[in-house]
Amino acid sequence: MNSSHEEVVKSQVKTYIAVFVALAVMTAVTVFVSYMRLPLLFAVIAALAIATFKGSLVAGFFMHLTTEKKVIFGVLLLAVILFLSLLFLPVFTSLQHSNFVEHVA
Amino acid sequence: MDAVIRFISKPHPVTGVTNSKLGIWCFLASEVMLFGGLFSAYVLLRTGSLGWPHGWELLNVPLATLNTMVLITSSVTMVMSWASLAEIPPKADPPRIVAEKNFAKYRLFMAATILLGLTFLVVKSFEYAHKFENHHFPSTNTFYAIYFTLTGLHGIHVLIGILVNSYFLFPGSALWRKDPEQFSGRIEAAGLYWHFVDLVWIFLFPVLYLL
């Protein structure tokens, strides 16, 4: 270990603090937006957009995905494809028989 | 004869990562499917329902916000505990003292992570107790059924994380003196699990409480 390594670690710690501040601010924003009582469609879009941003910060910096190897992304890509299938296939199937659009709108 | 798992400290020449890291990511991928299936169930139940209550009408948003902050803070202390093992204090210190200082910082951050995890569970137990006092159970309606299922499963994950972290704070930390590199890898794996639990809550909070 040398001084350049020391600099890298110090820089990482600064990044972790910055990410924490961003997560705290975005938590406040998502609660604030919920108190605006937006129509459900806009509320869902806003809440999921903020949650996705916060999740990306956690995955990218705390879980080090920004500097991870390809094999890890391969595992995650497979999980994401299967997850989206699990999420959307039943929803699309049920859309034909449900009042989803009326509810959301 | 002892079974030896190779490439747990050094990266595997084919994958470029340690087998332990690849293993924990495969496990987390299976966890994505577990929670993904339940999120899918939530979407189906909500869209298929004629009347679905807003989470903020029935649940305690300030307490859940507090818990969100607690879990986010615990993620920072967790990653700091791992970073402490790699940090180097001033060059004047002899290597052994440097290492001991790093280890003391690691223990401090890990203890903070465990305490924050316990705080999350205590706050959650207050929330549950209030619900039970008002006779709101999983069997009350579909909303409470999915609420208790998702938050209960998440709570079990927090509890498991606390147990794993406690092991690495006390008996498991003996490995640090024998093989610091392998110990650091274990803390990274425990951290990945803990951050994943935080990530799940980041989605559960708005979906259950704010919509």
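The following exchange asks how the labels on this predicted two-chain model are reached.

User: What are the ground rules for numbering and confidence here?

Analyst: Residues are numbered from 1 along each chain as its sequence is written, while chains are lettered from A and ligands numbered from 1 in the order in which they are written. The model is predicted: local features need pLDDT of at least 70 and side-chain atom pairs count only at pLDDT 80 or more, whereas totals for chains, interfaces and linings use all residues.

User: How do you know which element of chain A has the highest mean pLDDT and which the lowest?

Analyst: pLDDT is the predictor's confidence in each residue, from 0 to 100. Chain A averages 85, and 84% of its residues score at least 70. Among its elements, helix α2 (residues 40–62) has the highest mean pLDDT, 95, and helix α4 (residues 100–104) the lowest, 54.

User: What makes a stretch of chain A or chain B count as a helix?

Analyst: Helices (H or I, at least four residues) and strands (E, at least two) are DSSP runs, numbered from the N terminus. On that count chain A has 4 helices and 0 strands, and chain B has 7 helices and 0 strands.

User: How do you know that the length of α2(A) agrees with its number of residues?

Analyst: The expected span of a helix is 1.5 Å times one less than its number of residues. For the 23 residues of α2(A) that gives 33 Å, and the end C-alpha atoms are 32 Å apart, which agrees. The 24 residues of α3(B) should span 34 Å; the end C-alpha atoms of α3(B) are 34 Å apart, so this helix agrees too.

User: Why is α3(B) called largely enclosed?

Analyst: A residue is buried if 20 or more other C-beta atoms lie within 10 Å of its own, exposed if 12 or fewer, and partly exposed in between, with C-beta atoms placed from the backbone. In α3(B), 17 of the 24 residues are buried, so the helix is largely enclosed by the rest of the structure. For chain B as a whole, 34% of the 211 residues count as buried; for chain A, 17% of the 105 residues do.

User: Why is Phe137(B) called buried or exposed?

Analyst: Phe137(B) has 12 other C-beta atoms within 10 Å and is therefore exposed. Phe137(B) lies in the loop between α4 (95–133) and α5 (142–169) of chain B.

User: What makes Ser125(B) and Met33(B) fall into their exposure classes?

Analyst: Ser125(B), in helix α4 of chain B, has 11 C-beta neighbours inside 10 Å and so counts as exposed. Met33(B), in helix α1 of chain B, has 14 other C-beta atoms within 10 Å, so Met33(B) is partly exposed.

User: What makes Met33(B) a residue that touches chain A, and which residues are involved?

Analyst: Two residues are in contact if their C-beta atoms, placed from the backbone, lie within 7 Å. Not counting residues up to four places away in sequence, Met33(B) touches Ala79(A), Leu82(A) and Phe83(A).

User: How many residues does each chain give to the contact, and where do those of chain B come from?

Analyst: The contact takes 40 residues from chain B and 41 from chain A. On the side of chain B, α1 (19–47), α3 (61–84) and α7 (180–210) each supply at least two residues. The largest share, 13 residues, comes from α1(B).

User: Why is α2(A) called roughly antiparallel to α7(B)?

Analyst: Axes are lines fitted to C-alpha atoms, for helices over the stretch in contact, and angles run from 0 to 180 degrees between N-to-C directions. Angles under 35 degrees count as roughly parallel, over 145 as roughly antiparallel, 65 to 115 as roughly perpendicular and the rest as oblique. The axes of α2(A) and α7(B) come within 9 Å and cross at roughly 175°. That makes α2(A) roughly antiparallel to α7(B).

User: What makes up the contact of α2(A) with α7(B), by class?

Analyst: Ala, Val, Leu, Ile, Met, Phe, Trp, Tyr, Cys and Pro count as nonpolar, Asp, Glu, Lys and Arg as charged, and the others, Gly among them, as polar. By that rule the contact has 10 nonpolar, 2 polar and 2 charged residues. Those in α2(A) include Lys54(A) and Gly55(A), and those in α7(B) include His195(B) and Asp198(B). Among the buried residues of α2(A) are Ala47(A), Ala51(A) and Lys54(A).
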